[in-house]
Protein chains: 2
Amino acid sequence: MKPKILVVDDEPEAVELLEFNLKQAGYAVSAAGDGAAALKKARAQTPDMVVLDVMLPEMDGFEVCKNLRLEPATSRVPILMLTAKAAEIDRVLGLELGADDYLTKPFSPRELLLRIKKILARGASAERPREQMRFGDLVIDLPRHLASWKGKTIELTATEFKLLTTLAQRAGRVQSRDQLLRDVWEYDSLIDTRTVDTHMRRLREKLGPASKHLDTVRGVGYRFME
Amino acid sequence: MKPKILVVDDEPEAVELLEFNLKQAGYAVSAAGDGAAALKKARAQTPDMVVLDVMLPEMDGFEVCKNLRLEPATSRVPILMLTAKAAEIDRVLGLELGADDYLTKPFSPRELLLRIKKILARGASAERPREQMRFGDLVIDLPRHLASWKGKTIELTATEFKLLTTLAQRAGRVQSRDQLLRDVWEYDSLIDTRTVDTHMRRLREKLGPASKHLDTVRGVGYRFME
DNA sequence: CCTGGCTGTCACATTTCCGTAACAGTCTTG
DNA sequence: CAAGACTGTTACGGAAATGTGACAGCCAGG
């Protein structure tokens with residue numbers, strides 16, 4: 001049972017290239033050249049994954065993504081977005097669109113395959129991040145960008161908030177400093193791992209009693225405990 | 001599954017032009033030349049959208065719109081009105097008629113398609129945006145294009161008003177600058193994100209005490225708080 | 001044609017935040 | 001118990017993000 005991947009791009013050459021590489025890697029591939037066709041195929045085939053270019057005629061990738069999420073038949077299919085501008089990344093990965101990952105053009109086939117493999121690996125089990133998380137008296141609301149303890153909002157900076165949500169979404173599992181740097185500080189950051197410590201400290205300070213959820217795992221990293 | 005669009009216009013040339021453009025864009029199109037026929041077809045087909053010219057013999061576009069809204073079968077179908085005079089706009093979008101959007105003739109096919117796309121995109125899930133919103137002493141009236149504070153109207157320009165309503169409609173949720181550019185400045189904006197800041201400033205200035213609802217979320221965007 | 005208001009952009013001021021380094025405290029290991 | 005490794009804490013310079021004021025182009029209405 002090869003995993004089925006739906007490739008959406010309006011440039012035939014790009015489709016061909018993607019198709020070749022993915023087939024080479026052992027995936028079953030289908031393709032669509034515009035948004036409407038993509039939605040139709042996605043509904044009909046329920047692929048294991050959609051690789052979606054942002055630049056499309058008529059209905060752009062954002063719209064397609066949104067629509068895929070709306071319909072029950074396709075709402076849980078992982079989406080990998082191919083985007084041109086770095087500025088769009090937050091929106092792509094954010095809750096509004098909820099793509100699972102992104103790649104900025106140009107990218108190497110190797111990168112693509114790695115991302116796909118990663119998403120499919122977790123996709124089997126993991127669910128999509130929730131909009132709101134509650135751990136006792138601690139509430140984290142992503143779209144509102146607010147955290148609160150016993151109903152009182154906690155003022156957090158953008159980085160602190162992202163660090164908290166990243167840890168909370170992987171509650172129970174330890175995250176290494178490098179891993180946190182990748183996920184919170186975006187992909188390859190050239191930042192000292194000790195910076196994570198400082199931010200953890202600030203976060204703990206602001207969380208007050210709620211910081212009991214934040215464990216230090218000596219020699220490994222940090223963990224959010226329920 | 002192409003979206004079905006019902007085109008209503010009494011001029012055969014106009015119908016033909018619309019039909020051509022819409023079919024080109026991947027929609028399924030049917031047409032009617034007068035009000036009675038339009039209602040009949042709408043009932044029978046329950047299209048995904050109605051494009052409705054105001055100028056019709058016998059029963060004009062306003063009447064058709066009203067009747068469509070009255071019957072359960074068609075009351076939720078989005079309506080895009082084609083109107084000649086700007087003066088009619090208020091009535092078209094207002095509570096009495098409740099069209100979803102309008103276009104003043106003459107318009108380019110591109111404009112038409114963009115409007116249609118936008119309406120269909122939201123129509124799939126979200127309900128029609130609320131006509132009037134109240135947040136304490138602040139009242140925002142979309143059809144009248146008016147905002148007021150403690151009963152006193154606040155003079156806002158078109159952009160300021162749209163920015164305010166966009167934020168208010170997503171009250172509580174943070175909107176990134178890019179997102180606001182997309183939603184307020186319409187489709188493909190080649191505009192500096194800093195422009196959003198400037199308009200937020202002007203908006204705050206005019207809102208005066210009511211500007212307490214407008215939060216800045218540093219590193220993320222802006223948020224309307226109730 | 002011209003005038004006034006709206007709009008987008010820029011430059012500058014200001015605030016806030018971030019990353020780093022240095023040091024102190026704590027835990028592990030032999 | 002002591003040394004070394006790891007983490008917590010503090011302070012600070014610099015940078016990034018936002019607020020603010022000014023300005024020129026543009027369009028609508030007169």
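1. Let's start with the character of the surface near DNA strand D. By class, that surface has two nonpolar, six polar and seven charged residues. Please keep in mind that this is a predicted model.

2. Which residues lie there? Strand D is surrounded by 15 residues, and the closest are Arg201(A) and Thr216(A) from chain A, with Asp197(B), Arg201(B) and Thr216(B) from chain B. Two elements give two or more residues to this surface: α8 (194–207) of chain A and α8 (194–207) of chain B. With five residues, α8(A) gives the most.

3. Now for the other strand. DNA strand C is surrounded by 22 residues. Here the closest are Thr159(A) and Asp192(A), along with Thr157(B), Thr159(B) and Asp192(B). The elements that give two or more residues to the surface near strand C are α6 (158–169) and α8 of chain A, together with α6 (158–169) and α8 of chain B. Sorted by class, the surface near strand C has six nonpolar, nine polar and seven charged residues.

4. Chain B has a sheet that you may like to trace in the viewer. It is an open sheet of four strands, in the order β6-β7-β8-β9, and the pairing is antiparallel. At the edges stand β6 (132–135) and β9 (152–154) of chain B; each has a single partner strand, so one side of each is left without a neighbour in the sheet. On average, neighbouring strands of this sheet are turned by 25° against each other, with direction ignored.

5. Within that sheet, β7 (residues 138–141) and β8 (residues 146–149) of chain B pair in the antiparallel sense over four bridges. A handy example to look up is Ile140(B), whose bridge partner in β8(B) is Ala147(B). A helix joins the picture here as well: α6(B) packs on the sheet and touches β6, β7 and β8 of chain B. The direction of α6(B) makes about 105° with that of β7(B). It is worth looking at α6 of chain B from both sides of the story, as this helix is also among the elements that give two or more residues to the surface near DNA strand C.

6. Finally, a few overall figures for chain A. Its secondary structure comes to eight helices and twelve strands. Of the 226 residues in chain A, 32% are buried. What share of the chain A contacts with a separation of 6 or more comes from residues 24 or more positions apart? Such residues account for 54% of those contacts.

Technical notes
Residues numbered from 1 in each chain as written. Chains lettered and ligands numbered in written order. Predicted model: local features only at pLDDT ≥ 70, side-chain atom pairs only at ≥ 80, totals over all residues. Near = placed C-beta within 6 Å. Nonpolar A, V, L, I, M, F, W, Y, C, P; charged D, E, K, R; others polar. Pairing = 2+ DSSP bridges. Axes fitted to C-alpha atoms, helices over the stretch in contact; angles between N-to-C directions. Contact = placed C-beta atoms within 7 Å. Buried ≥ 20, exposed ≤ 12 C-beta atoms within 10 Å, placed from the backbone.
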